[in-house]
Amino acid sequence: MAQAQTSSTSSGSSAGGLGRLIGVGLLLASVVLLALGAYLGPYTYSAATPGKLTVETCTVDYKHRSSSSSSSRKRTKTRWCYGTFTANDGSVKDLNAELRSDSLHQRGEVIEALKTGDTSYQQDHGWVGSIAVGCAWWFGAMIPLAIGLLCTATGFAFGGASDFNRAKQAGAPGLLSTVYTLIAVGIVGVALSFLVMFFV
């Protein structure tokens, strides 16, 4: 009997150690997501060169992807527009610019665009769009942050219902409600951010 208790205690402690290790990894992942949000959102927008792309032509790129869960093949389409990019301040002019577009444009139409690299361009959705991109990453970071807090505080290692019950007993009062709140806010925030990105 004592041997069985010692065995269960040692297995519980090893699971707790693994859970805390997973928790630290998730907390680091949330920090990376926060940094990516800042970089891909406001920083990229502030560092980019604003201008206009005068469209020469637009095409649609179709790609077929096989789904691993079924035999069906999904088709995705990406719209690309090509033309001349001219910076608003006249500092840059590129006759061979290309960018992903929300829709197909006729020759001669002008698209508000950003030069984000030597040969990379994107549509300019303004500060609202860039902040929405950042917010999508920031709210997304709340999900691994919440699970990471749970794992780090209780040693939860995704070992099923018994592991969750053990973690629930080991956690401080209010920890689970905090975790649930962070996850809910993260999901709702990501959804709202995508809605803003879609409509701007």
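## Phe156 and its ring partners

In this predicted model, Phe156 is buried, its relative accessible area being 9%. Its relative accessible area lies under the 20% limit, so Phe156 counts as buried. Phe164, by contrast, is partly exposed at 23%.

A search of the whole structure finds six aromatic pairs. One of them joins Tyr45 and Trp127: the ring centres are 4.6 Å apart and the planes meet at 65 degrees, so the pair is edge-to-face. Tyr45 belongs to helix 1 and Trp127 to helix 2, so this pair ties together parts that are 82 residues apart in sequence. Tyr45 is buried, with a relative accessible area of 18%, whereas Trp127 is partly exposed, with 45%.

The rings of Phe156 and Phe164 also form a pair, with centres 5.8 Å apart and planes at 80 degrees; because the angle is over 60 degrees, this pair is edge-to-face. Ring pairs further link Phe156 and Phe164 with Phe158 in a cluster.

## Helix 4

Helix 4 comprises the 25 residues from 175 to 199. At 1.5 Å a residue, a span of 36 Å is expected, and the end C-alpha atoms are 36 Å apart, which agrees.

The buried residues of helix 4 are Leu175, Leu176, Val179, Leu182, Gly186, Gly189, Val190 and Ser193. An α-helix has 3.6 residues a turn, so residues three or four places apart point the same way. The cover over the buried residues of helix 4 includes helix 2 (126-154) and helix 3 (161-170).

## The largest pocket

The largest pocket has a volume of about 820 Å³. Its lining consists of 31 residues. Of these, Arg100, Asp102, Gln122, Gln123 and His125 lie nearest the centre of the pocket.

Two or more lining residues come from each of helix 1 (2-47), strand 2 (73-87), strand 3 (93-100), strand 5 (121-123), helix 2 and helix 4. Helix 1 gives the most, with five residues. By class, the lining of the largest pocket holds 12 nonpolar, 13 polar and six charged residues.

## Elements in more than one role

Several elements recur in the sections above. Helix 2 carries Trp127 of the edge-to-face pair with Tyr45, is among the elements covering the buried residues of helix 4, and contributes to the lining of the largest pocket. Helix 1 holds Tyr45 and gives the most residues to that lining. Helix 4, with buried residues including Leu182 and Val190, likewise gives two or more residues to the lining of the largest pocket.

How values were computed: Residues numbered from 1 in each chain as written. Predicted model: local features only at pLDDT ≥ 70, side-chain atom pairs only at ≥ 80, totals over all residues. Heavy atoms only, no water. Helix = DSSP H or I, 4+ residues; strand = E, 2+ residues; numbered from the N terminus. Expected span 1.5 Å × (residues − 1). Buried < 20%, exposed > 50% of the residue type's maximum accessible area, 1.4 Å probe, protein only. Contact = heavy atoms within 4.5 Å. 1 Å grid on protein atoms, 1.4 Å probe; cavity = no way out; pocket = protein on both sides within 12 Å on 5 of 7 lines; lining within 4 Å. Points joined across faces, edges and corners; volume = space filled by probe spheres on them. Nonpolar A, V, L, I, M, F, W, Y, C, P; charged D, E, K, R; others polar. Phe/Tyr/Trp six-rings, centres within 6.5 Å; stacked < 30°, edge-to-face > 60°.
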